[in-house]
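Got the viewer open? Here's a short tour of what to select and what you'll find there.

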Amino acid sequence: MTVFMFGAVLLIAVVAGCGSDQEGSAIAASSTPTTASESPTTPATAEDSGEISEIDAEVGDCVTLGGTMLDAEIDTATCGTTDSHYVIVAKVAQEADCATDIDQTYYEELGGTTTGVLCLDVDWVEGKCFEMGTGSDSTVQVPCTDPAGEKVLAVLTGTVDENECPEGTETYYTYDERQKVVCTAPAA
């Protein structure tokens with residue numbers, strides 16, 4: 001079994017509002033792995049304390065995130081669909097307030113001051129297949145016939161023990177702070 005800690009993708013983007021100096025950015029979360037012994041005994045709870053004006057979304061909603069450094073695009077999406085890239089796990093005031101094991105952040109600034117941050121995880125869906133992002137590419141849902149895809153066999157909560165993954169798991173992604181393991185195998 002190969003062991004991986006999910007490496008967040010890097011996507012830096014700026015949203016320019018018409019007649020506004022408000023900016024939005026999507027940046028990679030820290031990919032520094034932690035050990036289970038560094039994890040709190042209980043998972044972090046969802047928060048909703050950040051102000052984001054570019055999108056009307058709440059904790060638990062899913063989003064699609066894309067664009068370029070000069071033209072970021074974020075929009076709501078139906079969770080579990082190919083349009084959904086991430087699920088919002090917290091809305092906080094500063095990026096440092098996100099859990100350390102999130103996959104991505106999106107934040108907005110007004111006059112150089114951060115006004116709010118969306119803490120995002122990949123919208124993992126059991127039975128669906130994903131192409132894992134590298135460089136500036138996002139992890140995206142793909143048909144399970146795609147040879148580059150990984151099929152999600154299980155999303156386990158309350159544990160970081162990859163040995164609890166079902167038989168056939170070849171790769172897993174751990175979320176140490178929030179006690180979650182995503183178990184995958186090649187799609188094709």
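Are Trp124 and Tyr173 buried or exposed? Select the two of them: both are buried. Keep in mind as you click around that this is a predicted model.

Stay on that pair and look at the rings. The centres of Trp124 and Tyr173 are 5.6 Å apart and the planes sit at 20°, under the 30 degrees cut-off, so the pair counts as stacked. Now show the backbone: Trp124 is in the loop between β7 (113-122) and β8 (129-131), while Tyr173 belongs to strand β11 (residues 171-175). That's 49 residues apart, so to speak a link between distant parts of the chain.

Next, add Phe130. With Trp124 it makes an edge-to-face pair, 5.3 Å from centre to centre and with 65° between the planes. Phe130 is buried, as is Trp124. Searching the whole structure turns up 2 aromatic pairs, and Trp124, Phe130 and Tyr173 make up one aromatic cluster.

Now widen the view to the core. Select Val63, Ile74, Leu118, Leu120 and Trp124: these have the most contacts inside the largest nonpolar core, which has 18 residues. Colour the strands β3 (62-67), β5 (86-92), β7 and β11, since each one supplies at least two residues of this core. The top contributor is β7, with 3 residues.

For a second, separate core, pick Val87, Ala90, Ala99 and Tyr107, which are among its 11 residues.

Last stop: Tyr175. Turn its ring towards you and find Lys180 lying over the face, 4.5 Å from the ring centre.

Notes:
Residues are numbered from 1 along each chain as its sequence is written. This is a predicted model: local features need pLDDT of at least 70, side-chain atom pairs count only at pLDDT 80 or more; totals for chains, interfaces and linings use all residues. Side-chain values use heavy atoms; hydrogens and water are left out. Rings of Phe, Tyr and Trp (its six-membered ring) pair if their centres lie within 6.5 Å; planes under 30 degrees apart count as stacked, over 60 as edge-to-face and the rest as tilted. Buried means under 20% relative accessible area, exposed over 50%, partly exposed in between (1.4 Å probe, protein chains only). Helices (H or I, at least four residues) and strands (E, at least two) are DSSP runs, numbered from the N terminus. A charge sits over a ring if NZ of Lys or CZ of Arg is within 6 Å of the ring centre and within 35 degrees of the ring normal. A nonpolar core is a set of buried Ala, Val, Leu, Ile, Met, Phe, Trp, Tyr and Cys residues joined through side-chain atoms within 4.5 Å.
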